[in-house]
Amino acid sequence: MRDFSNHATNRPPERDVEITDIETAVVEGNFEWNLVKVHTNAGVTGIGESYRGGTVTDIMEYTKRFLVGENPLDPERIFRRIVQDMSGHGGTTGKVVTAASGIEIACWDIMGKVLDVPVYQLLGGKYRDEVRIYCDCHAGEAFETEAGYVAHHDEEVYQPKAYAEEAARVADMGFTALKFDLDMDMDNHPDPYNGRISNRAMQRKVDIVEAVRETIGYDIDLAFDVHWDYSLDSAKRIARKMEPYDLMWLEDVVPPENMDAQREVARATGVPLATGENRFRVHEFKDLLYDFGVDVITPDPSTCGGLAESKAIANRAEENYIAFSPHNVCSPIGTMACVHLGACIPNFDVLEYHALEVDWWDDLHTSDPLIEDGYIEVPEKPGLGIDLDEDIVEEHLLKGESGFS
Ligand code: MG
């Protein structure tokens, strides 16, 4: 086993920093937001966020055993140390990488604060002063989760008119790019397991896309997500049916395990395909990018390995002239981490915003509302440039969570 602890100790005192504690809090938004604070002996604390999932914060807390005393100014090495040291507890992908992602982000925040520069500067500098946002929209009523499962409403809610009305409402808010889910329970009849689409369900999808396009026109970018639902033949059929509507992309058409099937869909259609939110580290993106199975890559930085790993994925995408549009269902903390990333990547296109229905999303931080006219300005403050409102964190803690001290 390789030892990724600190063997390079020759540093001036102002950068000879040590991690002193790691704390977590789970905030219940429309998703569970796994927040982490990394404390240091340098008078600064870093904030980060990991993607949702039970026990992710337990893994983060466990890393205290070997991260206390480590120098947080080595986020890439710290990330490798966590993955290496925890591999006996969760493997080299999966939740260990998700947990390490939030800590890595917090380390970049610390480094920015110690060196007095914004994170984008540390990641190589910026291409843009603001990052374009696409808004995840829901027809009728938004998804709700009940006992950890997504609850769908009845078929009446998901009519083309409801999608079109919501698209118009959100476009009027200033967003220049929108995304809707295009997969509902009733589309999986008569068989919920085999992934084949019926003609009726296909027509429903076409009617929805047509209604939205008729309402918002073609100046607004428009994507649809089908969450890995379909068999190869159905995926090809759906993609071809989408071709007249000039989509920004069609997301996650076939299950994620088989790269060859994904590539087959890409070969069969001219509609841009996006995928990547459930993959970990550069290795799980390699075939997708180098075999051209995707047109827009959508890693989640709070899942796949943090900011450096996401940048490495984006660089490989750039090599193949593939756009990079991060998946993001985070609180403002993880979102701001993505903003710094988006600023410094040439092939960045749009960043997801998935909290339209959470009216206290912007209350979680102490800055002005982040999104203005569909863009987030890249902050110039040191680190991530965002601070938590601790009272709001406390108010929305997941039941049973103790939160930050
Ligand atoms: Mg998705």
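## Exercises on a predicted model

Lys37 sits over the face of Phe404, 4.4 Å from the ring centre. (A charge counts as over a ring if NZ of Lys or CZ of Arg is within 6 Å of the ring centre and within 35 degrees of the ring normal.) The model is predicted, so local features need pLDDT of at least 70, side-chain atom pairs count only at pLDDT 80 or more, and totals for chains, interfaces and linings use all residues. Residues are numbered from 1 along each chain as its sequence is written, and side-chain values use heavy atoms, leaving out hydrogens and water.

**Exercise 1.** Find the residues that coordinate the magnesium ion, and work out which parts of the chain Glu251 and Glu277 tie together.

*Solution.*
- Start at the ion: Asp225 (OD), Glu251 (OE) and Glu277 (OE) coordinate it at 2.0 to 2.3 Å. Donors are N, O and S atoms within 2.8 Å of the metal (3.2 Å for Na, K and Ca); water is not among the atoms, so sites may look incomplete.
- Next, the spacing of these donor residues in sequence reads D-x25-E-x25-E.
- Now place the two glutamates: Glu251 is in strand E9 (residues 249-251), while Glu277 is in the loop between strand E10 (273-275) and helix H11 (286-290), so the pair ties together parts 26 residues apart in sequence. Helices (H or I, at least four residues) and strands (E, at least two) are DSSP runs, numbered from the N terminus.
- Last, check the cover: Glu251 and Glu277 are both buried. Buried means under 20% relative accessible area, exposed over 50%, and partly exposed in between (1.4 Å probe, protein chains only).

**Exercise 2.** Classify the ring pair Trp33 and Trp360, then do the Phe180 and Phe224 pair.

*Solution.*
- Recall the cut-offs: rings of Phe, Tyr and Trp (its six-membered ring) pair if their centres lie within 6.5 Å; planes under 30 degrees apart are stacked, over 60 edge-to-face, and the rest tilted.
- The structure holds 6 aromatic pairs. In one of them, the ring centres of Trp33 and Trp360 are 5.7 Å apart with planes at 65°, so this pair is edge-to-face.
- Trp33 belongs to strand E2 (residues 32-40) and Trp360 to the loop between strand E13 (351-353) and strand E14 (371-372), 327 residues apart.
- Trp33 is buried at 1% relative accessible area, and Trp360 counts as buried at 14%.
- Phe180 and Phe224 are stacked, at 6.2 Å centre to centre and 25° between the planes.
- Both Phe180 and Phe224 are buried, and together with Tyr163 they form one aromatic cluster.
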